[in-house]
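Dear colleague,

Please find below the structure that I am handing over to you. I would be grateful if you kept it open while reading the notes underneath.

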Amino acid sequence: CIVFPVLPMVMRQKPLAVPRKKSSYIIMDCSREGHRVGYPGIAMSDPVGPGTLRAFAIWYGIIYPLNDPNVEESFLRSFSRGVWSEGIDFATDSGARIIVENAGLNWENCAKFLSPCGGLGDRTSWEKEELKAREVEMVGKRGLWGVPSFAFNDISVWGQDRMKVMEIAIEKVNGVNNNNVTMSSRNSKM
């Protein structure tokens with residue numbers, strides 16, 4: 001399973017405007033999905049801007065080079081729960097520290113990657129790597145352009161509402177034919 005964060009459309013080199021209706025949908029969708037997988041109520045701290053820049057500095061400075069799916073998942077889950085469900089502001093050192101430590105990472109090591117550029121991390125140190133990953137993995141190999149995107153063997157889909165397609169594909173490979181599939185396999189590794 002390849003998992004990597006993708007810069008929000010509004011933060012890319014050529015940012016796209018996100019209509020208010022879509023922004024509202026994204027927030028409601030996050031809340032709905034959070035409730036579905038057992039996250040507590042929504043107490044959001046929107047990470048777009050400094051919070052995202054800081055998360056990417058840590059991702060590409062510490063997490064990505066480790067190439068450890070467990071560390072990647074732990075950080076992404078901690079970040080998601082923290083900013084979308086617990087209202088923790090990753091743009092602050094105190095908030096970032098909580099999320100980093102909840103992911104089992106060493107705060108002092110991570111903080112080193114935040115010190116340049118007034119605590120936002122050095123965007124130039126990871127931006128090319130993020131763009132390459134996005135271009136090669138998503139667009140080049142799969143024809144995908146946004147998140148959430150999922151790929152398994154020769155099937156690529158966009159949007160969590162297409163998870164049923166992925167589950168069926170995985171079951172076929174595993175020799176399972178169950179028409180009563182639940183969404184629980186979403187949390188398993190592909």
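The notes that follow concern one helix and one residue within it.

Please bear in mind that this is a predicted model.

The helix is α2, which comprises residues 50-66. Its length may be checked with a short calculation: at 1.5 Å a residue, the 17 residues of α2 should span 24 Å, and its end C-alpha atoms are indeed 24 Å apart, so the two values agree. The helix also bends, by about 45°, at Trp59. Of the 17 residues in α2, 13 are buried, so that the helix is mostly covered. After α2 comes Asn67, which has a positive phi, near 50°.

Thr52 is one of the residues of α2. Is Thr52 buried or exposed? Its relative accessibility is 6%, and because buried means under 20% relative accessible area, Thr52 counts as buried.

Which residues does Thr52 touch, once its neighbours within four places in sequence are left aside? Thr52 is then in contact with Leu7, Pro8, Met11 and Pro47. Met11 and Thr52 are 41 residues apart along the chain, and 9.0 Å separates their C-alpha atoms.

Yours sincerely,
A colleague

Methods
Residues numbered from 1 in each chain as written. Predicted model: local features only at pLDDT ≥ 70, side-chain atom pairs only at ≥ 80, totals over all residues. Heavy atoms only, no water. Helix = DSSP H or I, 4+ residues; strand = E, 2+ residues; numbered from the N terminus. Buried < 20%, exposed > 50% of the residue type's maximum accessible area, 1.4 Å probe, protein only. Contact = heavy atoms within 4.5 Å. Expected span 1.5 Å × (residues − 1). Bend = angle between axes of the 7 residues up to and from the residue.
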